[in-house]
Amino acid sequence: MRVYWRKVRWGQNLILSDEEGHEQEVGGFRETKRGIDALAKTFGYDPSRSRKGFQTIEEAKAFVEAFRPWELYGAQDITVESEVMPALDSASADTTVAPE
């Protein structure tokens, strides 16, 4: 299993990926006019897992990673990869082939 950050339109999502390539978003942050908002996913309601107004991306990422949200899915002893993956664009996600 792997855990890594992936770029999205307004920030980045923390992704858990299994051996078959299935991905699960387990957290993320987005940049707003008032700062950076961060969220670590949970199965229940826990408002302490989200916070607004971070000044830096590094602070927001550290906040999310501190909750180790990938452990909710049984992934233990995993380190978040340092490289940020590029955003998925709709053209590369489409696997259908148009007839000639």
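Reader: What makes β2 and β3 a pair of strands?
Author: In this predicted model, β2 and β3 are joined by seven bridges in the antiparallel sense. At least two bridges are needed for a pair, so these strands qualify. One example is L14, which stands opposite G27 in β3.

Reader: And what joins them at the end? How many residues sit between β2 and β3?
Author: The two form a hairpin with five residues between them. In that turn, G21 has a positive phi of about 90°.

Reader: How do you know that β3 pairs with β4, and in what sense do they run?
Author: Six bridges join β3 to β4, and the strands run antiparallel. Again the cut-off is at least two bridges, so they count as paired. T32 has G35 in β4 as its bridge partner, and a hairpin through two residues joins β3 to β4.

Reader: Let's stay with β4. Why is D37 called buried or exposed?
Author: D37, which lies in strand β4, has a relative accessible area of 13%. Buried means under 20%, so D37 is buried. Leaving aside neighbours within four places in sequence, D37 is in contact with G28, F29, R30, T32, R51, K52 and G53.

Reader: Which residues line the largest pocket?
Author: D37 is one of them, and the others are Q12, N13, G28, F29, R30, A38, L39, S50, R51 and K52. The lining divides into three nonpolar, four polar and four charged residues. β2, β3, β4 and β5 each supply at least two of the lining residues, and the space inside is about 170 Å³.

Reader: F29 is in that lining. What makes W5 and F29 a tilted pair?
Author: Their ring centres lie 5.8 Å apart, with 55° between the planes. The centres are within 6.5 Å, so the rings pair. An angle under 30 degrees would be stacked and one over 60 edge-to-face, so 55° comes out as tilted. The pair links distant parts of the chain, with W5 in strand β1 and F29 in strand β3, 24 residues apart. Both W5 and F29 are buried.

Reader: Why is the pair of F63 and F67 called edge-to-face?
Author: The centres are 5.2 Å apart and the planes stand at 80°, which is over 60 degrees, so the pair is edge-to-face. Ring pairs also bring in F54, linking F54, F63 and F67 into a cluster.

Reader: How do you know which of F63 and F67 is buried and which is partly exposed?
Author: F63 has a relative accessible area of 14%, under the 20% cut-off, so F63 is buried. F67 is at 28%, between 20% and 50%, so F67 counts as partly exposed.

How values were computed
Residues are numbered from 1 along each chain as its sequence is written. This is a predicted model: local features need pLDDT of at least 70, side-chain atom pairs count only at pLDDT 80 or more; totals for chains, interfaces and linings use all residues. Side-chain values use heavy atoms; hydrogens and water are left out. Rings of Phe, Tyr and Trp (its six-membered ring) pair if their centres lie within 6.5 Å; planes under 30 degrees apart count as stacked, over 60 as edge-to-face and the rest as tilted. Helices (H or I, at least four residues) and strands (E, at least two) are DSSP runs, numbered from the N terminus. Buried means under 20% relative accessible area, exposed over 50%, partly exposed in between (1.4 Å probe, protein chains only). On a 1 Å grid over the protein atoms alone, a cavity is a set of points where a 1.4 Å probe fits but cannot get out, and a pocket is an open set with protein on both sides within 12 Å along at least five of seven lines; lining residues have an atom within 4 Å of a point. Grid points are joined across faces, edges and corners, and a volume is the space filled by probe spheres set on the points. Ala, Val, Leu, Ile, Met, Phe, Trp, Tyr, Cys and Pro count as nonpolar, Asp, Glu, Lys and Arg as charged, and the others, Gly among them, as polar. Contact means heavy atoms within 4.5 Å.
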